[in-house]
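Visitor: I would like a close look at a single part of this model, followed by an account of how that part sits among its surroundings. Please take the time you need over the details.

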Amino acid sequence: MPEDQSSNTLPKSRPNPRSTKPCWVLRAWQAFWLRLRRRGRVQASAKHTIEPRPIGISPPTQADISNSSARQTVEPRLAAPLEERPSGQPPLTQAGISSMTIFDGAHHFQVDNVNVTMSSPSNPREPLVDAHLLPGWKLLVEKISPNALHNSSARYDAPKCDDDTRVEVTRELMDRIEDRENPQRLLCMTGAAGSGKSALQQTIAERCERSGILGSAYFFANADPTRNTISTVVPTIAFQLGSHNTALKQAIAVAVAQDTVIFKRSLRTQMDDLIVRPLRYLRDGTGLDLSTLPYAILIDGLDECQGEDRQEELLTAIRECLFADDLPFCIFIASRPEWAIRTALAPGGHLRAVAYHIQLSEHYDASGDMRRFLRRRFELLSVRTGNPHWFTEENIETLVHAGSGQFIYVATVYRWISERRASPAERLQFVLGWTPHEGQQARPFEALDELYTNILLNAKNAYEAVDTHSGLDFLLLLKIHHMNVMDSWLDPRGGLQLSKVHLTDLLGLRDKSLELLFSDLHSLVSVKDGIFSYLDIHHKSFSDFLKTKSRAKDLFVPPSRVYTHLAKCCLQHIIRPPLADSYFPFDSISNLPRFWAPPGVLVDIDDELIDFTQKGGWSKIDSADPGRKQYYGYLLKQLDVLTGGVKKRHPEVVEVIRTYIEKWKREYDDLGAEEEMEDFDDMEDEWSDHL
């Protein structure tokens, strides 16, 4: 080939006469030539000839091009294993990194007039071979969850904090993340559902990215199958860490290539092989300063990962692998206070000593931020509508109060009010005076209802999967306790008003039953000490959800089911107390009329009344103190309605019930007259003493 011929000309291939298939060899060589030309690593000339190796082409040695006048620079390679590999796994060798095979198995041909020029990258420690070409890196990319990234298209317009909201908590978080000397390199932020954890995590991720310290971010989402399991967490974190450093990318790729089933191994093994060992190898083998790498690892929504055991496995792997003194990481995890992270952070938990715990709902009052959020966005809507007077400060205060510190409430309201082709003023008034009814099309709290539905379904499945809870209805028990603790601002009737001990006894449950029932609902409800007020319902909107059929849908439990169940429990308790240490059934005797005939609710216990009568239940009530039977007299006016179904089947049962109730009414009336006379005598004595 003449020396002045263009270097873009493809090299000519002279097939050996003994070759039986010269055409495919030529085409393969030309394809490889074009790949190298596009990467800027090969130039054609007539000066040098290099014989191709039979099974591939590796970087040329000095002996290959000893007569070349062209300058060549051979870049550093990863020439040793990361560390001693587990038994049965091949060592990490230079050939595994740098060999780029072509013409695999070809023979009896030669290629003339090729000059291979090795270019030097700006960073002499970066490998020559692009890790994108390595099969290990390609396999890793197939295992990640792109949707979990903080800047993924799936999370377009992800919620984040305004510049003047959540200022105090974001400042505290960033100060701790940026403090490289802080011994507590694990930050855990827990908070109730809808308290703004994901918005804070997104804000921190963007600030860390701008500062150049964001190593990785992973956002769980229960509704997204690509990021609601533990399987994609380590690959996604390793992918992001490797994307910041080419040498680390290559080391991770080789680790995957040498153990192609790494993604089937335990989480701890994955974290050790794909993150820890590559970093330590680069530090020890190439002198890489690990403190120069982006080091912040953020994980949001741990509670939305399926399986409490898998959540616990992730926390354990993080503690055992990433907090070694020679590694640079600072890790920030946000979650609802559900079982895995709650127990890990509790006294005696395995993260208690190493974590800084921020309890968002308790340490920071979001009311001011919620006001600023609504005011700013309502003012922007004023520009759109041309009406600056469509809302008032009183409207904002009403919404903030209804939100109960729940940022998602005001965010949901705003999204609904601000929808295109809608009148913000009309929708605001609709929300302020919203009363659900059957057939109503508007659903301003649809996003909030979806959140509550997902939390309840997960808690229901977990509770009813326990063997000892066989036959227990999670939703019914939840509704019973919810109705029992509702005070006047939640329900004008004031709830059931049973003590925690009596209700637990009446339901036939053991100690700690409340903690077990609400163990997966800590983002919505917490158990506290108290006789009657033993539950703290974090959000009024959750109570509204439980009471509204159009919102709760299949999760709705009508009050009639509650009263029916409690009336049946009273009848059973009177005949046979369920526990050896149970109260004598006086409380059940007193409360049976309340549950049998609640105002406006029809209770069906016909079969239980027949069985109760046949077993002598009414005679047991008759033996109790008359004061315990004071409410039975009120049943006489409703008795025909209450026992209508029984009368058709067993009229004699109704006569027995009527006889006893009439007797108890007379006894109580007589007792009431005697007590009134005693009260009069006491007043007369006090008056005489006063005179």
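Is arginine 319 buried, partly exposed or exposed, and what is its relative accessibility? Please start there and then take me through helix α9 and whatever it packs on.

Guide: The model is a predicted one, and every value below is computed from it. Arginine 319 has a relative accessibility of 30%, and it counts as partly exposed because that value lies between the 20% under which a residue is buried and the 50% over which it is exposed. Its salt-bridge partner is glutamate 320, with 3.8 Å between the closest N and O atoms; glutamate 320 is likewise partly exposed, at a relative accessible area of 38%.

Helix α9 itself runs over residues 308-322, and its 15 residues reach 21 Å from the first C-alpha to the last, close to the 21 Å expected at 1.5 Å a residue. The buried residues of α9 are Gln311, Leu314, Leu315, Ala317, Ile318, Cys321 and Leu322. Viewed down the helix axis, these buried residues fall within an arc of 160 degrees, and so they line one face of α9. As for what they meet, the buried residues pack against the helices α6 (233-243), α8 (267-286) and α10 (339-345), and also against the strands β7 (296-300) and β8 (330-335).

Those two strands lead on to the sheet, an open one in which 5 strands follow the order β6-β7-β8-β5-β9 with parallel pairing. Its edges are β6 (214-219) and β9 (355-359), each of which pairs on one side only, and neighbouring strands are turned against each other by 10 degrees on average, if direction is ignored. Helix α9 packs on this sheet by touching β7 and β8, and the direction of α9 makes about 170 degrees with that of β8. Elsewhere in the sheet, β5 (residues 186-190) runs parallel to β9 and is joined to it by 5 bridges; in this pairing methionine 189 stands opposite isoleucine 358 of β9.

Helix α8, one of the elements against which the buried residues of α9 pack, has a salt bridge of its own, in which the side chains of aspartate 273 and arginine 277 meet at 3.4 Å, N to O. Both residues lie in α8, 4 residues apart, which is about one turn of the helix, and both aspartate 273 and arginine 277 are buried, whereas arginine 319 in its own pair is partly exposed.

The structure holds 30 salt bridges, and a further example lies outside α9. The side chains of glutamate 206 and lysine 160 meet at 3.2 Å, N to O, and this pair links distant parts of the chain, with glutamate 206 in helix α5 (residues 197-211) and lysine 160 in the loop between α3 (135-142) and α4 (167-178), 46 residues apart. Lysine 160 is partly exposed, with a relative accessible area of 48%.

To set the helix in its wider context, the chain has 28 helices and 11 strands, and of its 691 residues 47% count as buried. Among contacts between residues at least 6 apart in sequence, 75% join residues at least 24 apart.

Note on methods: Residues numbered from 1 in each chain as written. Predicted model: local features only at pLDDT ≥ 70, side-chain atom pairs only at ≥ 80, totals over all residues. Heavy atoms only, no water. Expected span 1.5 Å × (residues − 1). Buried < 20%, exposed > 50% of the residue type's maximum accessible area, 1.4 Å probe, protein only. Arc of directions from axis to C-beta. Contact = heavy atoms within 4.5 Å. Pairing = 2+ DSSP bridges. Axes fitted to C-alpha atoms, helices over the stretch in contact; angles between N-to-C directions. Salt bridge = Lys/Arg side-chain N within 4 Å of Asp/Glu carboxyl O.
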